[in-house]
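Student: I have a structure to look at and would like to go through it with you. Could we begin with one helix and then turn to the empty spaces?

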Amino acid sequence: MIDPKKLLDDLLGSQVPGTQGTVREKAGQAVQLAKDNPLATGAIAAVLLGTKAGRSVTGSALKLGGLAAVAGLAYKAYQNYQSGKEPNEAARDGELLPPPADTTFDPAQAPQGETEFALALVRAMIAAARADGKIDDAERTKIADRLKLAGIGDEAETFLLRELEEPVDLDALVSAARTDAQKIELYTASRLTIEPKTRAERGYLDMLAGRLGLPDSLIDHVEATVSEATA
């Protein structure tokens with residue numbers, strides 16, 4: 001049985017595959033690992049994205065686990081949106097922190113449970129990674145090879161490859177977000193996975209935002225907050 005929360009950590013790059021610790025805790029090992037195996041130091045999302053760079057969270061986000069990082073980014077974007085601040089300027093203000101425990105952004109407040117919602121976020125990230133529609137049989141073989149090098153474990157590897165075989169079920173992804181906060185988190189996780197440089201990627205994110213019912217001005221804040229965290 002996979003651990004969705006750990007897999008989310010791996011996808012966001014806050015865990016360094018093969019070092020049994022965070023980038024912050026294992027900085028020395030990470031530097032050596034970067035020399036020995038550059039792939040393993042990147043986010044596992046980069047594996048799903050083929051030759052693209054991947055979008056690891058950086059800075060203060062590294063202090064948080066994957067679930068808390070997504071929640072923290074979503075909460076910061078929402079707070080800035082609510083305050084009416086200019087997106088790019090607001091995104092640079094303050095350290096990224098976990099959302100307050102008394103808000104619906106707190107992972108512990110998830111009505112379906114943290115583990116189930118973490119799994120929904122992982123599936124959303126996989127769907128986003130596939131947005132450009134370029135994963136054919138040859139690319140799946142390359143992905144399988146990269147996953148083995150990344151060392152995430154057999155169960156997680158099997159799960160990810162199986163998910164890549166399944167058609168994207170946007171209805172299921174949208175319905176997995178049971179609160180307004182989770183809708184923002186689902187979009188945030190998807191946006192963390194890809195830097196929308198193609199029409200297909202931008203179109204997918206726009207469609208997801210529309211299906212989740214997120215206003216354009218809020219999306220602008222998510223975009224700015226994610227860009228700042230992954231710079």
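Tutor: Let us begin with helix α7, which covers residues 114–129. Please bear in mind that this is a predicted model.

Student: How many residues does α7 have, and what does it reach from its first C-alpha to its last?

Tutor: Helix α7 has 16 residues and reaches 22 Å between those two atoms. That is close to the 22 Å expected at 1.5 Å a residue.

Student: Why is α7 described as largely enclosed?

Tutor: Twelve of its 16 residues are buried, so α7 is largely enclosed by the rest of the structure. Buried here means under 20% relative accessible area.

Student: Which residues of α7 are buried?

Tutor: They are F117, A118, L119, A120, L121, V122, A124, M125, I126, A127, A128 and A129.

Student: Now the empty spaces. How many cavities of 30 Å³ or more are found in the whole structure?

Tutor: The search finds one. About 40 Å³ of space lies in the largest cavity.

Student: Which residues line the largest cavity?

Tutor: The lining consists of L67, T104, F105, D106, P107, A110, F117, Q182 and E185. One of these, F117, is also among the buried residues of α7. By class, the lining has five nonpolar, two polar and two charged residues.

Student: And pockets? What is the volume of the largest one?

Tutor: The largest pocket has a volume of about 240 Å³. It is lined by 13 residues, and those closest to its centre are R123, E163, P167, D169 and L173.

Student: Which helices each supply at least two residues of that lining?

Tutor: Helices α7 and α10 (170–176) each do so. The largest share, four residues, comes from α7.

Student: What classes of residue line the largest pocket?

Tutor: Its lining has eight nonpolar and five charged residues, with no polar ones.

Student: A change of topic: what pLDDT does the chain average?

Tutor: The chain averages a pLDDT of 76, and 74% of the residues score at least 70.

Student: Where is confidence lowest, and where is it highest?

Tutor: Confidence is lowest in helix α3 (residues 38–41), at a mean of 37. It is highest in α10, at 95; α10 is also one of the helices that supply the lining of the largest pocket.

Student: Over which residues does pLDDT stay under 50?

Tutor: One such stretch is residues 14–43, for which the model has 46 contacts beyond four places in sequence. Another is residues 58–62, with eleven such contacts.

Conventions
Residues numbered from 1 in each chain as written. Predicted model: local features only at pLDDT ≥ 70, side-chain atom pairs only at ≥ 80, totals over all residues. Heavy atoms only, no water. Expected span 1.5 Å × (residues − 1). Buried < 20%, exposed > 50% of the residue type's maximum accessible area, 1.4 Å probe, protein only. 1 Å grid on protein atoms, 1.4 Å probe; cavity = no way out; pocket = protein on both sides within 12 Å on 5 of 7 lines; lining within 4 Å. Points joined across faces, edges and corners; volume = space filled by probe spheres on them. Nonpolar A, V, L, I, M, F, W, Y, C, P; charged D, E, K, R; others polar. pLDDT = per-residue confidence, 0-100. Contact = heavy atoms within 4.5 Å.
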